[in-house]
Amino acid sequence: MATSAVPAAVDAFLALLRATDGLGEGSTVRVVDGPPTGNLASDSLFVGFQPGAEVAVSITQDFASAGARQRDENFDIACYIEVRAGGTDMAARRRRVFEIFAEVENALRATETAPEAPTLNRTVQWAHLVAGDLLQVQSTDGALAALPFTVRCRARI
């Protein structure tokens with residue numbers, strides 16, 4: 001019996017993102033599982049990581065009903081988009097961050113061709129974006145725009 005839907009849901013979320021036209025193979029966006037391990041690409045999307053945060057996924061569980069045979073699990077997956085480039089064109093970096101964010105949001109929507117998208121291939125009851133913060137930095141290396149955000153999921157285990 002599963003004690004958590006988190007491992008399967010995070011794997012399914014990564015697979016969903018990597019299969020998305022604007023994020024998958026051939027895209028300029030680097031989809032990363034967890035924290036960075038080397039040089040960052042100019043456009044990066046991290047799943048299970050936000051700078052300065054130690055938590056990749058926050059989990060709560062409770063009994064689903066009397067009898068304690070099933071549990072409801074709610075969890076938040078920490079995610080982070082970063083777009084960097086030389087020069088000082090902050091507007092271009094900001095637009096690009098939200099283009100990538102839109103790809104994530106669209107990937108989590110049910111469609112005729114992807115009816116299981118919001119359930120992360122049936123690993124959860126639902127998943128959706130719930131919070132985000134736009135960050136902007138100008139440095140000697142150029143403009144950087146970033147968006148830490150949260151994907152909230154609910155599962156029955």
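**View 1. Charges: where do the positive and negative charges of the protein sit on average?** Lys and Arg count as positive here, Asp and Glu as negative, while His and the chain ends are left uncounted. Each charge gets one spot: NZ of Lys, CZ of Arg, CG of Asp or CD of Glu. With that settled, the protein has 14 positive and 19 negative charges, and their mean positions are 3 Å apart. Keep in mind that you're looking at a predicted model, where local features need pLDDT of at least 70, side-chain atom pairs count only at pLDDT 80 or more, and totals for chains, interfaces and linings use all residues. Residues are numbered from 1 along each chain as its sequence is written, and side-chain values use heavy atoms, leaving out hydrogens and water.

**View 2. The fold runs α-β-β-β-β-α-β-β-β along the sequence.** That makes two helices and seven strands. Both kinds are DSSP runs numbered from the N terminus: helices are H or I with at least four residues, strands are E with at least two. Put a box along the principal axes, and the C-alpha atoms fill roughly 60 × 35 × 25 Å.

**View 3. Inside and outside: 39% of the 157 residues are buried.** Buried means under 20% relative accessible area, exposed means over 50%, and partly exposed is in between (1.4 Å probe, protein chains only). On the outside, the protein exposes about 8,600 Å², with carbon and sulfur atoms supplying 49% of that area. These areas come from the Shrake-Rupley method with a 1.4 Å probe, and for residues only the protein chains shown count as cover.

**View 4. Cys79 and Cys153 don't pair up: their sulfurs are 8.9 Å apart, too far for a bond.** A disulfide needs two cysteine sulfur atoms within 2.5 Å, and the structure holds zero of them. Are these cysteines buried or exposed? Cys79 counts as buried because its relative accessibility is 0%. Cys153 is also at 0%, so this residue counts as buried too.

**View 5. Thr150 sits in strand β7, which covers residues 142–156.** Its relative accessibility is 18%, so Thr150 counts as buried. Which residues does Thr150 touch, leaving aside those up to four places away in sequence? They are Gln50, Asp76, Ile77, His128, Leu129, Val130 and Ala131. A contact here means heavy atoms within 4.5 Å. Across the protein, take the contacts between residues at least 6 apart in sequence: 61% of them join residues at least 24 apart.
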